[in-house]
Structures are given as structure tokens and as C-alpha cells.
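Me: I've just opened this one and would like to go through it with you. Let's take it question by question.

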Amino acid sequence: MAVEKHMRQLSKKNLAAADAPFFIGAGAYRHHVPASVDHLIQRGEFLTAYTPYQPEIAQGTLQMLFEFQSQVARLYGCAVANASMYDGSTACWEAVAMAGRVTRKKRVVLSGALHPHYAQVVRTMAKFTEDEIAGADPSLTALPDDDGLIARIDDNTASVVVQYPDILGRIPDLQRIADAAHEKGAKLIVVNTEPVALGALEAPGNLGADIVVGEGQALGVGLQFGGPYLGLFAITDPKLVRQMPGRLCGETVDADGKRGFVLTLSTREQHIRREKATSNICTNSGLCALAFSIHMTLLGAKGITALAAENHRLACIAAERLARVPGVSVLNENFFNEFTLMLGTDARQIVRDLADRGVLGGVGLGKLFPDVDGLKSGLLVTVTETASLEDIESLASALEEVLP
Amino acid sequence: MARYFTEEHEWIEVDGETATIGITDYAQEQLGDVVFVEVPQTGADLAKGAEAAVVESVKAASDVYAPISGTVLEGNAALEADPELVNTSPDDEGWFFKLTIGDHDELEGLMNAKAYKAFCDSL
Amino acid sequence: MNQINQSGWKPGTPVAAQDGGDHPTVTGNKALMLEEALIFEIGGADTCGVDLAETQTDLPSRMGKFARKDEIGLPGLSEPETVRHYTRLSRQNYGIDLGFFPLGSCTMKHNPRLNEKVARMPGFLDVHPMQPANTVQGALGVIDELSHWLITLTGMNAVAMSPKAGAHGELCGILCIRAALEARGDARKVVLVPESAHGTNPATAAFAGYETEDIPANADGRVDLDALKARLGPDVAAVMITNPNTCGLFERDMKAISDAVHEAGGLVYCDGANFNAIMGRVRPGDLGVDAMHINLHKTFSTPHGGGGPGSGPVVLSEALAPFAPLPFVEKKSDGSLRIVEEENMEDQHASAFGRMTAFHGQMGMFTRALTYILSHGSDGLRQASGDAVLNANYVLRQLEDVLHAPYGASGPCMHEALFGDEGFADGFSTLDLAKGLIDEGFHPMTMYFPLVVHGAMLVEPTETESKDALDQFIMAMRSLAQRAKDGDEALLTAPHHAPRARLDEAQAARKPRLAWSEANGG
């Protein structure tokens, strides 16, 4: 009882998203999670099971993983998805490593508008693997700088990493970038941090992506201050499956001829290949994959389409309303549920002032890109179905108050 | 034609300037059900002892080394669709790759069928 | 054999069941054991279990030409159908909640439900990682308090909290070591790993750009100190050691090993997967360890969740602390907490080797682990590790007359008991015994690991099990060991009572079917 009290006190020192008009995204998204998701993942047979190495008594987890892989593959427009990675940022690095194995090249071109934390993870790992990282600062333009990105691709390029929608909320032209990358023998890696967007936007796999990775937290998982989250990883060419990292679940039959599922192609993994493994990943995000899969099952094609439409509708309303605040303009020509406001002053201070008024109003780009002076006045605002019209009005009027 | 064997349980069938390489019946039995074989690219130059192919069972992955040096003429494309040929016909249809022989002297140190049988019996 | 889609009933498809032994049913179900089809076979594109507004088609769009054109092809189920689908699936799973889970090296202990309750408090569940620091002081407080506990329990200097799981923590530790060596201009190439190591160890070292070499073990299953000393030199960056090791033995020479490695200019990584054996009793910091990851999902009772999420904080020595990755939590002079990351890394953190993950680590696991630690207190944690070791020794001594115990004579084991398959009848393997254990209602032990023992069986009972539970397990193991020695043929086709018989793993790997498609489905 004393422990519970202590933890409750710590909990109360946080401002929960539900208790404020809430507009923060930037790689983690607040969506309504149906109550049955949390109920089902707490069943002891899921919660307290181990990795399904004994398939005869783990068909529940295995069938769920097969369904999860199939759902992710379809959402991404890919042929094969794995059974999850730690989170979007580590999945992004694993994709870069895989593209290096497949192309046997060492140069990686990062879009300037890739989530800077993801770029940092890639840079960190590349220091040790001696991959060459060609990055850039994000351009402060209404559309992503696809031309600048394409210009940096050369014959030594193993992969091109582009976020869709990007960190400023803009939507890059994937097909153009894919064509340019493929012409130079490079793989296109598409990063998606908001899976709900793919209920409305074309799937990256249909636009020329070779590897699609992302953060799955937005469906079923909850914000949880950054973790545990859910790394998604999928590829369009099934012939490359043996170069994929992470666990894979596959269909087979048992000795009586009944359909069943097993972890398969495990010779790629650390416990067998040891120093030659495709990744050192072992434990992944099984329970988060279950939450994602249940939420996706509750939605279905109809639900994810409607959810995406509602997000976009509210984001359009918010962009239109916020642009009417004096001194504020919207940077983006296109967006899904996230866009960048230009405030004319350091947005980080504005975010703190908004928080003092009980509004969690977004992320100042100076926090994400501390080294790029030109971005400091940008405020990244995210609008999901959890925001009401009143919340949008609260943000607009609070902005009017705090802007100099 | 002459057939040679290595201590790594590979066989080498020599026909003029061409050598065909596979793994022995003993090796496939040790591996169990073979599920995947990766053969070398045509045209690859292999030094003796270099990693040439990978053979995988459900629970294990093993490298197959070039027993002699040479240039790869052909990998066995049939293994891509039917890796189980390594189990059902290790000495024949389950061959891995063909080489042009770089140096006939390298065949000197290899075992013949009788010596290989004795070697297996000693294991 | 051609009826591979016999797993469930679906609308419009009568199932001619062959199943049910002497008493077949037309559905394939067996009373409480219900077969379940895939969502792709029972769901529909127009079914939705969530109450959402109808999509309006005449809305303004800011998505330009990128709007989705094709069908997504994702099946939906209604809420009651969804609840049934996953409830039925769950019943085909074994979990600790159901019974004994003696999986060696994995520490499957009871997951207290208070942990789950606390993790779902809105102040923890519903906060964003990029909220302003003054709105998340409680979350930062959890990280700070847990850090303090982990540092105290291990006798180390600092802790990097962000790694997402054990293997991720290993990578973090090895990267700290590499950064520290590079900072002193001393590039070294080799990491030494014992033969008995977890597979993640050599994989991690390779990912960090190192070559790995094996360290031999001596006859009683421990690191051969003399052989190790002979190998040390200016090219050895680090030694990765698991202590207690994967044979379930405490490395008594650990301090001597660390001293020798340090003298040769290298650093010591300890795999903390087996910390449950020594928690509250031995501080790795006192043994000269420079870096060790802690699996919160093993030692500190956060649930395994069918394969994750885990959490792998890494405790660091004074030598490595400056190189810890971003972000981390720091107490300011006014007592408030802040996050140190790229935005505000000042001179004293400039040597951080980089970033391992997007945000702060596995917060949801931190709240659970802290709840577990506070519930036990330091004396309770010490009691837990003692009970875990006592349970393992009880299993070892109760089984060593029927199962080969390779290191049984070298004294007590730590928290896991190791057996081999010596003495089984021809054609009978550890796998057969394990599958027999399934029929007896237990989850099998870890098999064929460590690799140094033929047909290894690694049993880790943890402190969770009562003597009665252990006695029942021992009874089952004694019976199975005897059947394996006697060559009881029925064991070769076990399990007979599980939801599935043995699965064809060769077919799964030869012709991988990794996603559902209309062509190969129903």
C-alpha cells in the first residue's frame, strides 16, 4: 500500500496528456486506444509467456505474430514484415545495416527531414561500423527538398533514408526518390513514425520503397513517456528475406497435418549465427505487437481509413485556425496530421509558456535541431482524433496570449 | 574422372579442368533437414579455404569452404527451389558449385574414397 | 496431410474434423479448447469494432497527390469477435500464470500485478516523451530513483537507462568501452568471449566492429584463468563474461580476471542476465566490472510478454561513465530533474558516444521494476536471490542420480541447474524429454544451451516456486529421464496433449510463408 501511494505521488507530478489540450507528436502519437486492447494484452497467457520457442504450447503468440506480420505488410504495401523491433529508431538503423549487406556499399544518404533522433541513432551506430553518413539540415520550405536529396545520391550509395510524412509534417514524393535511388543501385528506406497516416496516404511499398520501417506505437500502445514502443520492419522483395533482422513467424503443419505456426529462418539470428548474425536483437516488442495487432483488428480497413480521415480533418481545421493567429503562418503545403507553424520567435520558450497555461502545444524545432539556428522559430503541431474543437481554440487563444 | 574428399566433408569431382563440389552423405546426415543453400556467384575467384557457400538446416548454419582455388563456373540453381536435394542426393543432384581448377597441385593433399571412409569411421 | 487449414471453423466452410481421437467433433473443437481461424479468414473489410464517424468524402485535403488509391486489405472484427479471437488464441499459450516455467537463463519469475496497476497510472501511461521537463518531474523521478537502486545494488558509478533490452544494453556497454578506448587513442581489435556465452555476446561484439575469440573453460566449467591471462595483450579491448556463468556456476576468479584484464589495458563487460542469483549479495562493481546490463524483464519481474518488450539498463564504472549515451536524467542544484540530450549537452557530457534510441528508454518497464524493488526492499531482494539459488540446488540434488549433472560434483550451483543427455537410449534426445515435459503440464527447460554440454538442459526455477511445485516437477523429470533411458517410443512423438503436435520446422524454413495471402490461405 505504501508503495502504491509513493508511485501515485510520482505519477501525479506529471501532467497527463488527457488533462490538457494536447498537440505533441514528433515520433510518438496520442490516439484513442479501445478498452479491449488493454484488457486482452493483460491475459496472463500473453503477458507472462516467453518467446515462442516451444511452438506446441505457444500457438497463441505465434498465430498473433503471423497476423501481425501480415497486417504490417499490408499497411506498408510490402511482401514480408518481421515480428517487431525495439522501436522506430532502432528499426531505422537495422534497415540501413541490411541495405549495406545487400548492396555491399557503405554510403548512406539521410534526408535532412528525417527525425533527428533517428538520424542520431544511425550516426552513432555508423561510427562503429564505419559506414559513411551523408546527412543534411532540413530545408525550411513548404515542400520537402526532394531535389536536394536526389542530388546527393551517387554510385557508392547503399541506401537513401527518407521519412514519410517527414519531421516537419510534409509529404515527400517517394516514387521520384525511389527511381533516382534505384538508378544508382541504392535501396530506398522509407521511415514512417505515424502508422495512422497510412490509412490515408499511399503505402510506401507501392511507391518504390525497398525497406519500410517505422514506429508502431500510435496503434494500441500508448505514449508511456517514450517506451516500450514497437519497431516495424518490412521489405518489398521477398527474396531478400534472409538478410532481414529480427524474428520471423511462418506457417507450417504439425505431425497430424494441422496448420500451425513456428519461428522460422532463425539461422539468421544471434543464438545460432553468433558473430555472423544479421542483428544482435533477441528480445523484441512482442506484447506491443499484440496491442498493435488487436487495435488494427478492431479497426480493419474501414476503421483505419475513417480514423485517418478524422485526423486529417481536424488537422486541416487546426492549421486554418492557427494561421489566423497574428504573427503565425503555416509552413507546409501538404501534411497529414502534423504541420509546422512559423512563429517568428524561439518556439521552445513559447512551448514552455503554453505549458504554464496548461496547454501542451507542440514541439519547438530548436529542441529537435539545436544546431540549426534557422529552425528555432518553428513549432511542430500534431492534431489527432483526441483533440476537440475546443482544444484547438484553447491552443489558438493561448498562442495569441504568449506570442510577443 | 576422380573424386576427392576433404576433412570438412566436401567432395570434389574432377573432370579435366573442371571440379564439381558438394557435401558428403555423412555431412548431410549430421546437418539434418537442409532448408537453404547459398551458392557462390558465377565468375567469383575463390582462394583455397575461402568461404564459398552456406548451408542451413533448421537449427544450424555452416559455411562451405573452397577446397581448392579456382573460378566459379556455375552454382547449382536447383538448390534454391529444392534445398532438400542435399539430403536426398548429396553425391549427385545436390552438388553446390563448379570451379575451373586453378592449381592441380592442390588436389594432392585430399583424400580418396577409401581414406575418407576410414576418416569418417574414426570420428 | 493436405488439409492444412483445419485450424478453425469459418463461415460457410463446413469442417470435416478428423480430430478428437476416439471422440471426433465436427468443429474440430474440444470443449474448452477452441480452434481459431486467422483474422483474414473471419474478418471483413467493412467490419469495424470501433465507433468512428462515417468517413465524409467531400472533405478538403492537404495531402495532394499522395492520397491512398488502392484498398488496404486489412480485415476488421467487431469488438465481441475481437475479444473472442484473442481470448481463444491466448488459451493456446503457456505462461507463468499457468504453471512452472523453468527456462534457464531467462528468469521467468512471477510478475506481480501491482506492477501492472502502477504502470497504468495516467501520469505514467499518458505522458509524451517530449513534454516540457516541468510537466514530467514524476516520470523523471521514477528514472532517477530506479537509477539509484541499480547503482547501489551493483556497486557501480553510473547507469545508462535508455537501452531497450538485454542485447541492446550489451551493445551500449561495448560501445562505451570502445568510446573510452578510442578516447585514450588506444584502438584495440579483439573481444574475448567464453565458449559458454549467450549468442548475443559474440553478435554484439561483431556489431560494434570487434573480432571475437573464445576463452576456454576449465574442467569444472569456469573460465580458465591461466589461458585467459596468456591471451591478454595490447590488442584485447575487452573480455565479456557472464557471472554467474551459463553453466550455473559463480566465477570465483572474477576479481583476478578483472585485475588481469585491467593490467593489460582492457575493460571488463559482464553479462547481467543471471543477476537474479546474486542480487543483494554480490556487487559486480566490487569485482572490477566496468559495464553490465541488467534485464529488468528477468531480475526485476517485468513481464516477458511473449518475447518482449524488455529493458536493459547498463551500469558503468567510473572509467566508462563519461561515455554513456544520451539522453539521461540529471538532478539540478535546486533539486528538480532535467533531461540531458543533444539540446543541452554541456562540456561535461561532451564525450557521450551518441544515442541508442529515440527517447528515454522503457519507461513502462521502469515503473514496474521500481514498484517491484520498493515492494521487496533491500532485504527482500536479498531473500529472493537466496531462495532462487536454494531452489536450483534442490532441483540439482534431487535429479543428479537420474540425469547426468556435468558440474554437480564441483559444489553447489547458483540459480540454475545444468544437466546433459548422457545415458539416454539410442535415438532419444533432450528434445524428446522436453516435449514430454509439455505433456506433464510444464514448460520445457532451456535446451542445447550452453553449447559446452552435450544435450544441455538448463533449469532455472527462480524464487517463485514453492517446494510442492518443485517436487511435482522433480517427479515428472525423474519419470521422463527414466523413459528416455528405457527408450519409451511414445516420448519420440510427444507432446500428445498440446494444442499442436510437433511442427514441421523444415517445411517452414524451406518454403517460407510469412504473411497471409488469398492464394495460400483458406
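Me: To kick off with chain C, what share of its contacts with a separation of 6 or more comes from residues 24 or more positions apart?

Reply: Bear in mind that this is a predicted model, where local features need pLDDT of at least 70, side-chain atom pairs count only at pLDDT 80 or more, and totals for chains, interfaces and linings use all residues. Residues are numbered from 1 along each chain as its sequence is written, while chains are lettered from A and ligands numbered from 1 in the order in which they are written. A contact here is two residues whose C-beta atoms, placed from the backbone, lie within 7 Å. Among chain C contacts with a separation of 6 or more, residues 24 or more positions apart account for 73%.

Me: What radius of gyration does chain C have?

Reply: The radius of gyration is taken over C-alpha atoms, and the globule rule is 2.2 Å times the number of residues to the power 0.38. For 522 residues, a compact globule would come out near 24 Å. The C-alpha trace of chain C spans about 75 × 75 × 45 Å along its principal axes. Its radius of gyration agrees with the globule value, at 26 Å.

Me: How much of chain C is buried?

Reply: Buried means 20 or more other C-beta atoms within 10 Å of a residue's own, exposed means 12 or fewer, and partly exposed is in between, with C-beta atoms placed from the backbone. Of the 522 residues of chain C, the buried share is 54%.

Me: Where chain C touches chain A, how many residues on the chain C side are charged?

Reply: The contact takes 141 residues from chain A and 148 from chain C. Ala, Val, Leu, Ile, Met, Phe, Trp, Tyr, Cys and Pro count as nonpolar, Asp, Glu, Lys and Arg as charged, and the others, Gly among them, as polar. On the chain C side that gives 74 nonpolar and 53 polar residues, and the number of charged ones is 21.

Me: Over to chain A: what is its radius of gyration?

Reply: Helices (H or I, at least four residues) and strands (E, at least two) are DSSP runs numbered from the N terminus, and chain A comes to 13 of each. The globule rule gives 22 Å for 404 residues, so chain A is as compact as a globular protein of that length. Its radius of gyration is 21 Å.

Me: Which strands sit at the edges of the seven-stranded open sheet in chain A?

Reply: Two strands pair if DSSP finds at least two bridges between them. The order in chain A is 1-7-6-5-4-2-3, with mixed pairing; one parallel stretch is strand 4 (157–163) with strand 5 (187–192), joined by five bridges. An edge strand pairs on one side only, and here those are strand 1 and strand 3 (132–134) of chain A.

Me: Helix 13 of chain A has several buried residues; which helices do they pack against?

Reply: The buried ones are Ile392(A), Ser394(A), Leu395(A), Ala398(A) and Leu399(A). They cover an arc (of the directions from the helix axis to the C-beta atoms) of only 155°, which puts them on the same side of helix 13. Leu389(A), Glu390(A), Ser397(A) and Glu401(A) are exposed on the other side. The buried residues pack against helix 10 (286–322) and helix 11 (347–356) of chain A.

Me: Which proline follows Gly227(A) through a cis peptide bond?

Reply: The spot is in the loop between strand 6 (211–215) and strand 7 (231–235) of chain A. Omega is near 0° there, and the residue after Gly227(A) is Pro228(A).

Me: Ser84(A) isn't a glycine, yet what is its phi?

Reply: Ser84(A) lies in the loop between strand 1 (80–81) and helix 5 (88–103) of chain A. It is buried, with 31 other C-beta atoms within 10 Å. Its phi is positive, at about 110°.

Me: And in chain B, which residue stands opposite Ala53(B)?

Reply: Strand 6 (51–57) and strand 7 (61–65) of chain B pair in the antiparallel sense over five bridges. A hairpin of three residues joins the two strands. Opposite Ala53(B), in strand 7 of chain B, stands Val64(B).
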